[in-house]
Structures are given as C-alpha cells and as structure tokens.
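Biologist: Could you walk me through this model, starting with the aromatic rings? I'd like the reasoning along with the answers.

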Amino acid sequence: METYLIAGLGNPGSEHAANRHNVGFRCVERLASIHGLTFDKRQKNGRVALGTIFDQRVVLVKPQTFMNESGRAVVALARFYQVPPEQMLVIYDDLDLPLGAVRLRPEGGSGGHKGMGSIIERLGGQNFPRLRIGIGRPPGKMEPAAYVLQEFSAGEQPVVEEALGRAVAAIETWLREGIVMAMSRHNRGALGDN
C-alpha cells in the first residue's frame, strides 16, 4: 500500500483559525472529519492524522510552524513516511484566484506564497501536486499580508464552504483516480463556473 501525504497550510493558534490564510487547514480538517480521522499526533512540527481513505494510506498534516516555515514540517514528514513528491498534495489559499475557485496542478512555482516557497526550498524542487483555493484580491490599497490574516465576511462564508466541499472531492478523486482525472473533473472557477 502506498502512502500519500496531504498537507493543508495555515497558521497555528485559535486566533488564526478563521483567517483567509487558513483555508488549507480547514480543508484537511474537513477531509479528516468525513473519513473519521483525527489530528491526534504531534510529530516533526506538525499535527498529524494517520489512516486510510479509499484503501490508500494517508498522512494528513497541519504544520505548526507558522506559514512561512511550512516546509520544515511538510518535508520532514514526507521524508519520515517515505512519501515521494508525486504523492504529496499541498492545499493553500491563493490571492490570484477568485473567491471560491479550486485549482489542482501537478507542479509549479510558489506564486509568491510564502508557505509554498518554504516547501519548494526545503524539498529542492517544485514537482509535487498542489490544490489552490481562491480567496480573492485585497480591496483597494490593502496590503496582501493584512488581507490574508482577515476572516471571511458573512457573505463570503457560503462560497468558502462550497469551495471546501469541492476541494475535498478533488482530493478524493486524486487518491482514487490520479491527478489527471481529478484536474479534469474539479478544476473550475467560483460558484456557477464550469
């Protein structure tokens, strides 16, 4: 049985739980909850949930290092569990995608995302799958660093919830049928796009 590592990026601490920057955490938490897994293990700077999803062994990870050091936990755990890069999936927020958009890619750069930059640097490459969840652009002249630490508005919450549901479905397809099928089935924009 192969092992898959699925890491949701975010910042630790209850004060960050609902931030835009923490949609990665929320996604892996939802995946764990649906499949009866719990983040009951602390290991290599991460909270870890171990188990199986669709007969695949999975290591779900929430780094506890703060976003810009995500690679410390993700890469250490990937090495510990001997997970090759193509069986790692990193889930994170993306300013350049409209709110609620979900995009799965087999590889790519960091797009300026500090958490992804940390993982790419520590891994020594960018050839690993990633799932981006759109959080939209900051309004007006707001600094992106301040925007990502804001919470979603009440009006945005339903769009985010729907996007998290689609993100979980994309992860499940990736585990069952591979990245090509998951991309063709789930790479859509915000609500109503196809």
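Modeller: Sure, and keep in mind that this is a predicted model. On the aromatic side, the structure holds 2 aromatic pairs.

Biologist: How are the rings of Tyr4 and Trp174 arranged?

Modeller: Their centres sit 5.2 Å apart, and the planes meet at 85°. Planes over 60 degrees apart fall in one class, so at 85° the Tyr4 and Trp174 pair is edge-to-face.

Biologist: And how many residues apart in sequence are the parts that this pair ties together?

Modeller: Tyr4 belongs to strand S1 (residues 3-8), while Trp174 is part of helix H5 (residues 157-177). Both Tyr4 and Trp174 are buried, too. Given where they lie, the pair ties together parts whose separation in sequence is 170 residues.

Biologist: What is the geometry of the aromatic pair formed by Phe80 and Tyr81?

Modeller: Phe80 is partly exposed, at a relative accessible area of 46%. Its ring and that of Tyr81 are 4.9 Å apart centre to centre, with 85° between the planes. That makes the Phe80 and Tyr81 pair edge-to-face.

Biologist: Now the charges over rings: which residue lies over the face of Phe128?

Modeller: Let's take Phe39 beforehand: Lys62 lies over its face, 4.7 Å from the ring centre. For Phe128, the distance to the ring centre is 4.5 Å, and the residue over the face is Arg130.

Biologist: What span should helix H1 have, going by its residues?

Modeller: H1 covers residues 23-34, which is 12 residues, and the rise is 1.5 Å a residue. The end C-alpha atoms are 16 Å apart, which agrees with the expected span of 16 Å.

Biologist: Which helix do the buried residues of H1 pack against?

Modeller: The buried residues of H1 include Phe25, Cys27, Val28 and Leu31. They pack against several strands, among them S1, S3 (46-53) and S4 (56-63). The helix they pack against is H5.

Biologist: Is His21 buried or exposed?

Modeller: His21 lies in the loop between S1 and H1. The cut-off for buried is under 20% relative accessible area; His21 has 12%, so His21 counts as buried.

Biologist: Which side chain does the side chain of His21 make a polar contact with?

Modeller: Leaving aside neighbours within four places in sequence, His21 is in contact with residues including Leu9, Met67, Asp93 and His113. The polar contact between side chains has a distance of 2.9 Å, and the partner is Asp93.

Biologist: Which backbone nitrogen does the side chain of His113 reach?

Modeller: His113 is found in the loop between strand S6 (102-105) and helix H3 (114-123), and it is buried at a relative accessible area of 9%. Not counting residues up to four places away in sequence, His113 touches His21 and Asp93, among others. As for the backbone nitrogen, the side chain reaches it at 3.2 Å, and it belongs to Gly115.

Biologist: On to the strands: how many of the residues of S4 are buried?

Modeller: S4 pairs with S1 in the parallel sense over 5 bridges, and 8 bridges join it to S3, running antiparallel. S4 is largely enclosed by the rest of the structure, because the buried residues are 7 of the 8.

Biologist: Last one: which residue in the turn of the S3 and S4 hairpin has a positive phi?

Modeller: Across these strands, Arg47 has Lys62 in S4 as its bridge partner. The hairpin leaves 2 residues between S3 and S4. The turn residue with a positive phi, about 50°, is Phe54.

Conventions. Residues are numbered from 1 along each chain as its sequence is written. This is a predicted model: local features need pLDDT of at least 70, side-chain atom pairs count only at pLDDT 80 or more; totals for chains, interfaces and linings use all residues. Side-chain values use heavy atoms; hydrogens and water are left out. Rings of Phe, Tyr and Trp (its six-membered ring) pair if their centres lie within 6.5 Å; planes under 30 degrees apart count as stacked, over 60 as edge-to-face and the rest as tilted. Helices (H or I, at least four residues) and strands (E, at least two) are DSSP runs, numbered from the N terminus. Buried means under 20% relative accessible area, exposed over 50%, partly exposed in between (1.4 Å probe, protein chains only). A charge sits over a ring if NZ of Lys or CZ of Arg is within 6 Å of the ring centre and within 35 degrees of the ring normal. The expected span of a helix is 1.5 Å times one less than its number of residues. Contact means heavy atoms within 4.5 Å. A polar contact is a pair of N or O atoms within 3.5 Å; within protein, one must be able to donate a hydrogen and the other to accept it, and residues adjacent in sequence count only if both atoms are side-chain atoms. Two strands pair if DSSP finds at least two bridges between them.
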